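Student: I should like to go through this protein and ask what justifies each term used for it.

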Amino acid sequence: MTQLSTFHVGKYLFGVDVALVQEIVRMQPITPVPLSASEIAGLINLRGEVLTAVDLRSRLGLPPPPPEARPQVNVVVRVDDEPVSLLVDAIGGVIDVSALPFQSTPATVDQKTRALIVGAYTLPDQLLLALDVRKVLADLAVAAG
């Protein structure tokens, strides 16, 4: 990974390999899926394609956003050629991490979150946590359309 597309979820700044990101779209209407895992927010229709929307806050064990928070954003990632939407709080930018120091995930990161991280890059003002999208989607019954 040399370039990461970044986004915020709770107090964390995450990044995923830009090659996995298909697109970023505003919040879409979500159709709930009865009896699905709590991390599955539901299904969205993106230009005729049905995608599973994964609530990244829930998946990371974080509390829901406060009521006054702005709407979440869909980061559509493509894993094994299947698109899935990750619901995030805010979009960052694309960061070239090739020259940044890389370290294992710090012990200060919550246990549930730590299990989904490859490691961390040190930025001047905060840590950028490299998210393992495959681990995020593992164990979830993600029904890609």
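Tutor: Let us begin with F14 in this predicted model. Leaving aside neighbours within four places in sequence, F14 is in contact with S5, T6, F7, V9, L60, T113, I117, L128, L129 and L131.

Student: What makes F14 and L131 a contact?

Tutor: Contact means heavy atoms within 4.5 Å. L131 is listed among the contacts of F14, so the pair has heavy atoms within that cut-off.

Student: Which residues have the most contacts inside the largest nonpolar core?

Tutor: They are F7, F14, L56 and L131, in a core of 28 residues. Two or more residues each come from β1 (3-9), β2 (12-17), β6 (73-79), β7 (82-88), β10 (117-122), β11 (127-131) and α3 (133-137). The largest share, 4 residues, is that of β6.

Student: Why is this set called a nonpolar core?

Tutor: The term requires buried residues of the nonpolar kinds, joined through side-chain atoms within 4.5 Å; F14, as a member, therefore counts as buried, with under 20% relative accessible area. Of the 145 residues of the protein, 42% count as buried.

Student: How many helices and strands does the protein have?

Tutor: The secondary structure comprises 3 helices and 11 strands, in the order β-β-β-β-β-α-β-β-β-β-α-β-β-α along the sequence.

Student: Why is the protein described as being as compact as a globular protein of its length?

Tutor: Its radius of gyration is 15 Å, and the globule rule gives 15 Å for 145 residues; the two values are close, so the description holds. Along the principal axes, the C-alpha atoms fill a box of roughly 40 × 30 × 30 Å.

Methods: Residues numbered from 1 in each chain as written. Predicted model: local features only at pLDDT ≥ 70, side-chain atom pairs only at ≥ 80, totals over all residues. Heavy atoms only, no water. Rg over C-alpha atoms; globule rule 2.2 N^0.38 Å. Buried < 20%, exposed > 50% of the residue type's maximum accessible area, 1.4 Å probe, protein only.
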